[in-house]
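The following exercises are to be worked through with the sequence and the structure at hand. Each task is followed by a solution in steps.

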Amino acid sequence: MAKQNDSKPRPEAAGSNTPGNLKTAEQKPAAARPLTTNTGNYPSGRKLTPKQEAIRRRAQKRRRTQLLVIGGLVVVIALALIAIIVAVSQPTKFEALPAAATTDERPLEIGPADAKVTVEEYGDYQCPGCKLWHDTSQSRLTTDYIKAGKGVKFVFRPYPFLDARAAQRESHTTLEAAYCASDQKRFWDYHDALYNNQPLSENSGFWSVDRTKQLASALKLDVEKFNKCVDANTYRAKANADASAAINKGINQTPTFLVNGTKLSGADYSELQKAIDEALNSPAK
Amino acid sequence: MAQNSRAKASQTAQVATAQASSFSRSLSLDWLFIGLTVVGVGISLYLTWAHFTDTSIICTADRSCDTVNRSAYAYFPPKWGIPVSILGVIAYLGLAGLAFYRRKIVQTSAEATRFTRGQLDMTLFVATLGGVVFSGYLTAMELWVINAICWWCVASALIISSLFIISVVRVWALD
């Protein structure tokens with residue numbers, strides 16, 4: 001390329017333009033000239049004197065060094081910035097995600113549809129007591145009564161209320177997301193993951209809509225469908241209706257358990273066990 | 001005298017040959033550059049179209065292209081900015097325009113435009129360097145944040161890298 005530029009015959013080069021340029025090249029201290037203005041200072045189609053040639057070579061060498069240094073700096077800075085952005089944008093690491101997906105038989109219910117005993121839990125995904133019960137008693141209930149085939153079903157009744165005075169409606173956000181997961185028959189996986197990843201404090205801002213999407217992705221849901229469902233606020237009205245329904249039912253705290261419609265006073269597993277056994281042993285449903 | 005003129009003639013012929021070969025090399029490099037930008041425009045237009053019409057992109061079985069094209073990082077700044085596919089269309093069209101302009105002024109070979117050509121090569125270098133850096137950012141997000149690789153994006157990254165290499169060669173060779 002350089003050769004081409006040097007050797008190309010240019011009739012215009014004989015004009016007043018070229019000697020002026022040459023003069024400039026010789027007179028100006030080389031270091032003062034910016035990178036780009038070095039180009040085109042030497043006429044093509046003419047032989048340079050050894051001195052001019054030496055100046056030209058030096059200028060080119062300097063420009064190449066500048067190119068390497070500036071280019072290298074830009075690359076190093078860019079790599080550092082990219083590394084920082086990647087580190088900052090890392091998606092949340094969710095805890096205790098299931099190894100394999102579970103498909104819901106019915107949304108928000110586990111156990112036979114015609115079970116003799118129905119255990120209802122009113123819960124809020126932000127409620128620490130609900131998490132505690134989920135962590136300690138949920139699997140016991142499933143093992144002792146549902147998987148054992150004793151004719152018990154468990155129904156989750158959402159009662160989103162802990163975010164009532166918060167700027168971010170995290171009880172609602174999580175519930176609406178769980179409903180969207182339910183559309184894909186993955187309510188229980190999502191429900192479990194919400195409790196397993198409950199932040200240490202309520203209304204902390206952890207459960208943003210984005211994070212519910214990340215959880216859906218981590219649970220390998222159809223993210224596209226899920227995101228559309230969440231973005232369209234598909235279950236906003238339903239979540240609000242759930243809260244109203246719970247209030248109308250006289251529920252004033254979470255978790256609250258009902259066994260065949262009878263409200264229990266606490267959330268203790270032994271109390272629940274007692275109530276379930278009594279209901280199972282009673283003649284009528 | 002006769003010998004002198006013969007020597008001159010042979011020198012002119014040599015210069016002409018060297019000139020012709022480097023000139024054609026330069027032209028083919030020009031065409032390669034323009035061709036790559038055209039492919040880049042094509043890819044970016046396709047991705048833009050898919051983005052706005054919500055169409056699934058022709059992709060590997062895992063549909064990783066849709067994952068990438070519908071992620072937060074399909075916008076710059078992420079989530080709310082301009083779709084990066086549109087930025088791609090603009091960037092490749094801009095580079096194609098500059099490359100066409102460069103071709104035009106190289107062909108006119110006027111001394112006054114030589115200066116412009118040097119600046120133009122510098123501009124192309126800076127522009128493609130910016131493109132490579134941006135493409136590097138997008139690829140890093142694909143690899144380490146979105147955890148999905150979109151082959152259309154990889155193709156675009158390879159194109160901008162090739163354009164950058166051509167630009168480096170040109171700036172390196174500036175006299």
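**Exercise 1. Establish how many helices and strands chain B has, and in which pattern they follow one another.**

Solution. The model examined here is a predicted one. Step one is the count: chain B contains 5 helices and 2 strands. Step two is the order: read along the sequence, the pattern is α-α-β-β-α-α-α. Step three concerns burial: of the 175 residues in chain B, 33% are buried. Step four turns to contacts: among those in chain B with a separation of 6 or more, 71% are between residues 24 or more positions apart.

**Exercise 2. Determine which strands pair with β2(A), and in which sense.**

Solution. Begin with strand β3 (residues 152-158) of chain A: β2(A) and β3(A) run parallel and are joined by 7 bridges. One of the residues to locate is V117(A), whose bridge partner in β3(A) is V152(A). Next, take strand β4 (residues 256-259) of chain A, which pairs with β2(A) in the antiparallel sense over 4 bridges. Here Y122(A) has T256(A) of β4(A) as its bridge partner. Finally, consider the surroundings of β2(A), residues 117-123: 6 of its 7 residues are buried, so the strand is largely enclosed by the rest of the structure.

**Exercise 3. Describe how α8(A) packs against α9(A): are the helices roughly parallel or roughly antiparallel?**

Solution. First, find the geometry: helix α8 (residues 209-218) and helix α9 (residues 223-231), both of chain A, pack at an angle of about 155 degrees, and their axes are 9 Å apart. Angles over 145 degrees count as roughly antiparallel, and therefore α8(A) is roughly antiparallel to α9(A). The crossing of these two helices is right-handed. Second, identify the residues that meet: α8(A) contributes V209(A), T212(A), K213(A), A216(A) and S217(A), while α9(A) contributes V223(A), F226(A), N227(A) and V230(A). Third, sort the residues of this contact by class, which gives 5 nonpolar, 3 polar and 1 charged.

**Exercise 4. Find which residues make the contact of α6(A) with α8(A), and give their classes.**

Solution. Start from the axes: helix α6 (residues 170-183) of chain A and α8(A) lie 10 Å apart, at an angle of about 30 degrees. The crossing of α6(A) and α8(A) is right-handed. On the α6(A) side, the contact is made by T173(A), T174(A), A177(A) and A181(A); on the α8(A) side, by V209(A), T212(A) and A216(A). Sorting by class completes the solution: the contact of α6(A) with α8(A) has 4 nonpolar and 3 polar residues, and no charged ones.

Note on methods: Residues are numbered from 1 along each chain as its sequence is written. Chains are lettered from A and ligands numbered from 1 in the order in which they are written. This is a predicted model: local features need pLDDT of at least 70, side-chain atom pairs count only at pLDDT 80 or more; totals for chains, interfaces and linings use all residues. Axes are lines fitted to C-alpha atoms, for helices over the stretch in contact, and angles run from 0 to 180 degrees between N-to-C directions. Angles under 35 degrees count as roughly parallel, over 145 as roughly antiparallel, 65 to 115 as roughly perpendicular and the rest as oblique. A crossing is left-handed if the near helix is turned anticlockwise from the far one by less than a right angle, and right-handed if clockwise. Two residues are in contact if their C-beta atoms, placed from the backbone, lie within 7 Å. Ala, Val, Leu, Ile, Met, Phe, Trp, Tyr, Cys and Pro count as nonpolar, Asp, Glu, Lys and Arg as charged, and the others, Gly among them, as polar. A residue is buried if 20 or more other C-beta atoms lie within 10 Å of its own, exposed if 12 or fewer, and partly exposed in between; C-beta atoms are placed from the backbone. Two strands pair if DSSP finds at least two bridges between them.
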